Amino acid sequence: VFNPDEQVWERFFAATRGQPAWGRLMKAASMFDQPGDALDVGAGAGRDTAYLLEHGWRVTAVDASPAAVKLLRGIGPEDRLRVVRSPAEDFEPETYDLVNAQFSLPFIAPARFVATVSRLQGAVRPGGVMAVTFFGPRDEWNVPGAEITFTTKDEVERLFDGWHVVELTEVEQDGTTATGGAKHWDVIHVIAGSGPGRKGRPRA
Ligand SMILES: C[S@@+](CC[C@H](N)C(=O)[O-])C[C@H]1O[C@@H](n2cnc3c(N)ncnc32)[C@H](O)[C@@H]1O
């Protein structure tokens, strides 16, 4: 059973530090005429946070891992970067133009998953964008005892009911992990825009 601990994440950070940002984060950022406020949830070694900062965004980077927080604090510039050490489940968001969570939300256990996703969705300003990754049910890590949340494509579609869905794709393939192990991946990628008056957004 793959239940990653701090040591596992530290190996992941060593492998991904300085890697380019995820394409879908760059695509989501490119939907704006000018940079604004972004939230990067489970920011890790900071590939997406660094990209956003380089492109003029103000970024709040949240991660549960002390090692991640240390790396994130080193990215700077301090006047546009706020780093918060917190599990996503306990983080009280403000509101943002862009909410990004690449390969992080599935590591929230099922009992708190939906409430956390809803809270993050509610933190997207009208006209804002959310870019997020889910793990599908055929992912190799989906075995009894895993404290990871797997969601079907149908469930993800329901989560984004009422959003302007720009992309919602499931990619299932044999590949490798960041640290080099073989893995069968089932990943659902979402880029969605929030509009005023849409359904499915909790009212403050
Ligand atoms: C696979 S890494 C992805 C990191 C980064 N988003 C990237 O794509 O490179 C998952 C990240 O989520 C963080 N994480 C895991 N569980 C978390 C939780 N419950 N709340 C916040 N962060 C969490 C880990 O510390 C790690 O940095």
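**Ligand shell and aromatic cluster**

The shell around the ligand splits into 11 nonpolar, 6 polar and 3 charged residues. One caution up front: this is a predicted model.

Let's stay with the ligand. It has 20 residues around it. The closest are Trp22, Gly42, Asp63, Ala88 and Glu89. Which helix gives the largest share of that shell? Helix H1, residues 6-16, with 3 residues.

Now the polar contacts. Start with Trp22. A polar atom of the Trp22 side chain sits 2.7 Å from a ligand oxygen. Next, Glu89. An N or O atom in its side chain is 2.8 Å from a nitrogen atom of the ligand. Then Gly44. Here the backbone supplies the polar atom, 3.5 Å from an oxygen atom of the ligand. How much of the ligand does the protein bury? On its own, the ligand exposes 580 Å². The protein buries 94% of that area.

Back to Trp22, and on to the rings. Trp22 is one of the closest residues to the ligand, and it also belongs to an aromatic cluster. The other members are Phe2, Trp9, Phe12, Phe13, Phe103, Phe107, Phe135, Trp141, Phe150 and Trp185. The count of aromatic pairs comes to 17.

Two rings in that cluster, Trp22 and Trp141, also carry a charge above them. Over Trp22 it is Arg47, its charged end 4.1 Å from the ring centre. Over Trp141 it is Lys183, with its charged end 3.4 Å from the ring centre.

So keep an eye on Trp22 as you turn the model. Its side chain makes a polar contact with a ligand oxygen, and its ring lies under the charged end of Arg47.

How values were computed: Residues numbered from 1 in each chain as written. Predicted model: local features only at pLDDT ≥ 70, side-chain atom pairs only at ≥ 80, totals over all residues. Heavy atoms only, no water. Phe/Tyr/Trp six-rings, centres within 6.5 Å; stacked < 30°, edge-to-face > 60°. Lys NZ or Arg CZ within 6 Å of the ring centre and 35° of its normal. Near = heavy atom within 4 Å. Polar contact = N/O pair within 3.5 Å; in protein donor to acceptor, adjacent residues only side chain to side chain. Areas by Shrake-Rupley, 256 points an atom, 1.4 Å probe, with all protein chains shown as cover. Helix = DSSP H or I, 4+ residues; strand = E, 2+ residues; numbered from the N terminus. Nonpolar A, V, L, I, M, F, W, Y, C, P; charged D, E, K, R; others polar.
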